[in-house]
Amino acid sequence: MDGRQLRVRLRGVAALAAGLVALTACGGGGGGGDADAEGGDKAASATRSVKHDAGTAEKVPDRPKRIVSVSVTMTGHLLALDAPVIASQATPPSVITDKQGFFTQWSDAAAENSVKVAYQGFEPDVEKVLALKPDLIVGASSGAENAEKFYDKLSAVAPTLLYRHDDVSWQDLTGRLGKDLGLEKRASEVVAAHDKRVGEVKAAITVPKQSAALVRDNQSAMTVFTPESAQGRLLTSLGFTVLEPSAGKGQTQGGRSDFAEFSQEKVADTAKDSSLLFVSHTPEEIAAATARPVWKDLAAVKDKRVYDLGLDTFRLDYYSAGNLIDKIEKAFG
């Protein structure tokens with residue numbers, strides 16, 4: 001090998017070494033994820049495209065480290081996945097929240113993870129989100145905190161993923177989030193733990209022979225959650241027969257199949273002999289509802305087949321689903 005060939009080869013080796021050093025530098029950084037748990041070593045700077053319910057987000061980090069949730073509903077799903085949520089939208093404090101406006105079913109988990117209030121209210125405060133320096137924003141494309149019309153502004157701050165949560169089970173949403181955030185293993189563990197608990201409680205309870213009417217009293221109307229609702233699916237998995245409202249007698253919103261609304265005059269005709277399981281009421285509200293003339297003569301009221309499923313059961317996530325199961329076990333165990 002002459003001197004010129006040797007110099008060319010050495011330059012090639014040097015270039016390769018420099019490239020390896022650069023790749024190693026880019027690949028540094030911590031962060032717990034499924035890749036770490038399984039011995040992987042993905043580069044912290046790696047990004048990808050993710051399709052969500054408001055479009056496709058580019059440059060989504062494989063390992064987000066600073067997630068800001070612009071949906072108080074989505075926050076519970078993220079916390080169950082141990083996602084790195086640093087701050088969340090909060091609602092005005094009420095009977096279903098803590099003093100910050102975080103839902104009570106996961107407020108302890110938020111405290112344990114030092115989750116801050118990003119802002120309070122249903123419209124995203126983009127400036128406050130920007131100040132938090134997120135590397136990923138997660139929000140909703142349904143419900144009161146629907147952020148679709150703010151999507152462009154939020155996307156200018158960080159890659160943004162928006163999801164519908166009104167027409168999907170929390171298990172399916174958890175699986176989707178797990179895939180999109182690189183937390184598939186944790187998502188599987190969460191759903192498996194829930195399924196195990198369902199099996200244990202199903203074997204330990206005695207369900208009523210009558211169907212279960214999942215109801216919400218709106219004073220001027222009555223909402224009945226169908227077997228297709230998240231609540232209905234959970235009760236079905238526990239062995240209950242969930243009341244299917246009579247077709248054509250109730251009104252749905254936006255073609256949804258998870259609930260129907262009836263006038264108070266149709267309460268008796270709708271509920272018939274079903275046991276009444278109240279979704280998201282205080283005990284005082286349940287007492288007031290069942291004392292009304294249209295309710296008090298129902299078979300379930302006379303036979304004391306009226307059950308309180310808890311205040312946090314209007315929207316189910318891993319935490320509120322667990323609380324609902326606890327209520328069922330206590331009432332029917």
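Which hand does the crossing of H3 and H4 have? Keep that in mind for a moment while we get our bearings. What you have here is a predicted model, and the protein in it has 333 residues, of which 45% are buried. Its secondary structure comes to 14 helices and 12 strands. If you look at contacts between residues at least 6 apart in sequence, 64% of them join residues that are at least 24 apart.

Now back to the two helices. Helix H3 covers residues 72–80 and helix H4 covers residues 104–112. They pack at an angle of about 60°, and their axes are 10 Å apart. That angle makes H3 oblique to H4, because the roughly perpendicular range is taken to be 65 to 115 degrees and the roughly parallel one stops under 35. As for the hand, the crossing of H3 and H4 is left-handed. On the H3 side, the contact is made by Val72, Thr75, Gly76 and Leu79. H4 answers with Trp106, Ala109 and Ala110. Sort the residues in this contact by class and you get 5 nonpolar and 2 polar ones, with no charged residues.

Follow the chain out of H3 and you come to the loop between H3 and E4, which is where Asp82 sits. Have a look at its backbone: Asp82 has a positive phi of about 60°, although it is not a glycine. Most residues other than glycine have a negative phi. Asp82 counts as exposed, because its relative accessibility is 52% and the cut-off for exposed is over 50%.

Next, the sheet that E4 belongs to. It is an open sheet of 5 strands in the order E5-E4-E3-E6-E7, and the pairing is parallel. At the edges are strand E5 (116–120) and strand E7 (160–163), each of which pairs on one side only. Neighbouring strands in this sheet are turned by 20° against each other on average, ignoring direction. To see one pairing in detail, take strand E3 (residues 67–69) and strand E4 (residues 85–90): they run parallel and are joined by 3 bridges. Ser69 stands opposite Ser88 in E4. Helix H7 (residues 170–181) lies across E3, strand E6 (136–140) and E7. Relative to E7, H7 runs at about 165°, so the two are roughly antiparallel, a label that applies over 145 degrees.

Two loops around this sheet are worth a stop. One is the loop between helix H5 (126–131) and E6, where you will find Lys133. Like Asp82, which has a positive phi of about 60°, Lys133 has a positive phi, here of about 55°, although it is not a glycine. Lys133 is exposed, with a relative accessible area of 64%.

The other is the loop between helix H6 (151–157) and E7, which holds Ala158. Is Ala158 buried or exposed? It counts as buried, because its relative accessibility is 4% and anything under 20% goes in that class. Leaving out residues up to four places away in sequence, Ala158 touches Pro134, Asp135, Leu136 and Ile137. Ala158 and Val129 are 29 residues apart in sequence, yet 9.4 Å apart in space, C-alpha to C-alpha.

Further along the chain there is another open sheet of 5 strands, with the order E10-E9-E8-E11-E12. The pairing in this one is mixed. Its edge strands are strand E10 (259–263) and strand E12 (306–308), each pairing on one side only. On average, neighbouring strands here are turned by 30° against each other, direction ignored. One parallel pairing in this sheet is between strand E8 (residues 212–217) and strand E11 (residues 275–278), over 4 bridges. Val215 stands opposite Phe278 in E11.

One last stop is Thr226, in the loop between strand E9 (221–225) and helix H9 (230–237). Which residues does Thr226 touch, not counting those up to four places away in sequence? The list is Gly232, Val242, Leu243, Glu244, Pro245, Ser257, Asp258 and Phe259. With a relative accessibility of 5%, Thr226 counts as buried.

Note on methods
Residues are numbered from 1 along each chain as its sequence is written. This is a predicted model: local features need pLDDT of at least 70, side-chain atom pairs count only at pLDDT 80 or more; totals for chains, interfaces and linings use all residues. Side-chain values use heavy atoms; hydrogens and water are left out. Axes are lines fitted to C-alpha atoms, for helices over the stretch in contact, and angles run from 0 to 180 degrees between N-to-C directions. A crossing is left-handed if the near helix is turned anticlockwise from the far one by less than a right angle, and right-handed if clockwise. Contact means heavy atoms within 4.5 Å. Ala, Val, Leu, Ile, Met, Phe, Trp, Tyr, Cys and Pro count as nonpolar, Asp, Glu, Lys and Arg as charged, and the others, Gly among them, as polar. Two strands pair if DSSP finds at least two bridges between them. Buried means under 20% relative accessible area, exposed over 50%, partly exposed in between (1.4 Å probe, protein chains only).
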